[in-house]
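User: I have a structure open and would like to go through it with you. Could you help me read it?
Analyst: Certainly; please show it here.

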Amino acid sequence: MSSRISVEEFNQFVESAFAGDRSAPQAIEFGDGYAKVQLKYSESFLRPGGVISGPTQMSLADTSMYAAIFTKVGITPMALTSNLNMNFLRPCIAENVIAICRIMKIGRKLAVGEVEIGGESQIVAGKPASHAIVTYAMPDK
């Protein structure tokens, strides 16, 4: 089974739903229960020490889970984060940041996914900067 929406549809949704946010992440690859999302580098994402901040990584984990849910059920704006557990493994390199999310389980009420986040070179090398487990509450149909 393939994705219920395209990368372009998701990016258009984010652009319209979060109008004016030029730093919004962009989906770059979708599959069934899979989303790869990129956040273009900006100095505003840095914390002291020149690495990508934790809140920036957490936001990207949340966005990638939102996207992965859409690949399973289509655009569902009222799917809401109910839990986000983040483990920071190593400093996130100051470059474009990538999040890769895989849905572990999706049901009528909850969706659970696993996310790896890191600078582009960290993800390519298989050494993510952080790891998250994200749970979303699914809206009633």
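**Helix α1 and its surroundings**

Analyst: Among the elements that cover the buried residues of α1 are β1 and α2. Please keep in mind that this is a predicted model.

User: Which residues of α1 are buried?
Analyst: Val7, Phe10, Asn11, Phe13 and Val14 are the buried residues of α1. They lie on the same side of the helix, because the arc they cover around the axis is only 155 degrees.

User: And what is exposed on the other side of α1?
Analyst: On that other side, Glu8, Gln12, Glu15 and Ser16 are exposed.

User: Why would residues a few places apart point the same way?
Analyst: An α-helix has 3.6 residues a turn, so residues three or four places apart point the same way.

User: Let us turn to aromatic rings. How many aromatic pairs are there in the whole structure?
Analyst: A search of the whole structure finds six aromatic pairs. One of them joins Phe10 and Phe70: the ring centres are 5.8 Å apart and the planes stand at 70 degrees, so this pair is edge-to-face. The pair links distant parts of the chain, since Phe10 belongs to helix α1 and Phe70 to helix α2, 60 residues apart.

User: Are those two rings buried or exposed?
Analyst: Phe10 counts as buried at 0% relative accessibility. Phe70 is also buried, with a relative accessible area of 0%.

User: What about Phe13 and Tyr66?
Analyst: Their ring centres are 6.2 Å apart and their planes are at 50 degrees, so the pair is tilted. Phe13 lies in helix α1 and Tyr66 in helix α2, so the pair ties together parts that are 53 residues apart in sequence. Both Phe13 and Tyr66 are buried.

User: Which residues form the aromatic cluster?
Analyst: One aromatic cluster is formed by Phe10, Phe13, Phe30, Tyr66, Phe70 and Tyr136.

User: Now the core. Which residues of the largest nonpolar core touch the most other members?
Analyst: That core has 36 residues, and those touching the most other members are Phe10, Phe30, Met65, Ile69, Val115, Ile117 and Tyr136. At least two core residues come from each of α1 (7–17), β1 (26–31), β2 (34–39), α2 (54–73), β6 (97–106), β7 (110–119) and β8 (130–137). Helix α2 gives the largest share, eight residues.

User: Take Ile69, then. What is it in contact with?
Analyst: Apart from neighbours within four places in sequence, Ile69 is in contact with Gly74, Ile103, Ile106, Ala111, Tyr136 and Met138.

User: Different topic: how many disulfides does the structure hold?
Analyst: The structure holds zero disulfides. Cys92 is in no disulfide, and the nearest cysteine sulfur, that of Cys101, is 16 Å away.

User: Why is there no bond between Cys101 and Cys92?
Analyst: The sulfur of Cys101 is 16 Å from the closest cysteine sulfur, in Cys92, and this is too far for a bond. A disulfide needs the two sulfur atoms to be within 2.5 Å.

User: Is Cys92 buried or exposed? And Cys101?
Analyst: Cys92 counts as buried, because its relative accessibility is 1%. Cys101 counts as buried as well, at 0% relative accessibility.

User: One last residue: where does His131 lie?
Analyst: His131 lies in strand β8. Its side chain makes a polar contact of 2.8 Å with the side chain of Glu114.

User: What else does His131 touch?
Analyst: Not counting residues up to four places away in sequence, His131 touches Asn85, Met86, Asn87, Leu89, Glu114, Val115 and Glu116.

How values were computed:
Residues numbered from 1 in each chain as written. Predicted model: local features only at pLDDT ≥ 70, side-chain atom pairs only at ≥ 80, totals over all residues. Heavy atoms only, no water. Core = buried A, V, L, I, M, F, W, Y, C linked by side-chain atoms within 4.5 Å. Buried < 20%, exposed > 50% of the residue type's maximum accessible area, 1.4 Å probe, protein only. Helix = DSSP H or I, 4+ residues; strand = E, 2+ residues; numbered from the N terminus. Contact = heavy atoms within 4.5 Å. Polar contact = N/O pair within 3.5 Å; in protein donor to acceptor, adjacent residues only side chain to side chain. Arc of directions from axis to C-beta. Phe/Tyr/Trp six-rings, centres within 6.5 Å; stacked < 30°, edge-to-face > 60°.
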